[in-house]
Amino acid sequence: MSTEQIRPIVIGIFRRGDAILVFESREPDSGGQIFYRPLGGSIEFGERGHEALARELREEIGAEIKNARYLGLNENLFSSPDGQRAHEIVLVYEADLADEALYEKEEMLVTEDSGATFIAYWKPLAFFQRGEAPLYPNGLLELLLGEEASLPSGEEGEGKESLT
């Protein structure tokens with residue numbers, strides 16, 4: 001029996017003009033390439049996606065959210081930093097930060113359950129469109145731009161995957 005499991009997660013899109021709030025991290029297996037990902041995390045059993053997003057934002061940056069709206073679904077297959085295959089089902093929500101003062105901050109400290117810390121920044125979508133750094137999960141940028149995402153290489157199907 002395999003120990004591999006599909007992990008349901010939620011991410012939140014918070015907008016400040018043409019920018020979104022994302023945390024910065026590095027890929028250990030690619031020489032430390034910087035990448036960005038929206039805030040969010042695991043959905044606990046019995047928890048709805050918008051509830052998980054609200055909990056994660058309270059835990060990560062001490063913030064409350066409002067006006068959560070479902071945007072779509074993303075299936076994310078990748079290798080974790082320890083080389084293990086990973087599979088996430090990602091619920092994507094757009095929401096507002098309840099504390100308007102957070103929109104004035106250029107960066108915010110993000111603290112994970114593990115105690116690991118990251119910095120979150122407001123990054124314009126054009127930054128990712130220009131390819132300056134990856135935005136994960138794959139296909140998220142296309143969802144935010146209203147485009148269809150291509151299936152990863154090696155996938156069967158029509159060549160396009162709907163993320164909504």
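**Arg37**

I started with Arg37, which I found in strand 4 (residues 33-38). The model I am reading is predicted. Is Arg37 buried or exposed? I looked up its relative accessible area, 13%; the cut-off for buried is under 20%, so I entered Arg37 as buried.

I then checked what the side chain of Arg37 meets. It makes a polar contact with the side chain of Glu88, at 2.9 Å. I also listed the contacts of Arg37, leaving aside its neighbours within four places in sequence. Glu88 appears there again, together with Ile9, Ile11, Val22, Phe23, Asn76, Leu135 and Tyr136.

**Open sheet**

I turned next to the sheet that includes strand 7. Four strands form it, in the order 5-1-7-6, and the sheet is open with mixed pairing. Strand 5 (40-42) and strand 6 (65-79) each have a single partner strand and stand at the edges, so one side of each has no neighbour in the sheet. I noted an average twist of 20° from one strand to the next.

How many bridges join strand 6 to strand 7? I have twelve, with strand 7 covering residues 85-97 and the two strands running antiparallel. For one register point I took Arg69, whose bridge partner in strand 7 is Glu94.

**Hairpin of strands 8 and 9**

I moved on to strand 8 (residues 107-111) and strand 9 (residues 117-124), which run antiparallel and are joined by five bridges. They form a hairpin with five residues between them. In the turn I checked Gly115, which has a positive phi of about 95°. The bridge partner of Glu107 in strand 9 is Tyr121.

Which side chains of strand 8 point to the buried face? I found Met108 and Val110 on one face, both buried. Glu107, Leu109 and Thr111 point to the other face and are not buried. In a regular strand, side chains alternate between the two faces of the sheet. I recorded strand 8 as alternating along its length.

**Whole chain**

I finished with the overall figures. I counted three helices and eleven strands in the protein chain. Read along the sequence, the pattern is β-β-β-β-β-α-β-β-β-β-α-α-β-β. Of the 164 residues, 41% are buried. Among contacts with a separation of 6 or more, 59% are between residues 24 or more positions apart. The chain exposes about 9400 Å², and carbon and sulfur atoms supply 47% of that area.

Definitions and conventions. Residues numbered from 1 in each chain as written. Predicted model: local features only at pLDDT ≥ 70, side-chain atom pairs only at ≥ 80, totals over all residues. Heavy atoms only, no water. Pairing = 2+ DSSP bridges. Axes fitted to C-alpha atoms, helices over the stretch in contact; angles between N-to-C directions. Buried < 20%, exposed > 50% of the residue type's maximum accessible area, 1.4 Å probe, protein only. Contact = heavy atoms within 4.5 Å. Areas by Shrake-Rupley, 256 points an atom, 1.4 Å probe, with all protein chains shown as cover. Polar contact = N/O pair within 3.5 Å; in protein donor to acceptor, adjacent residues only side chain to side chain.
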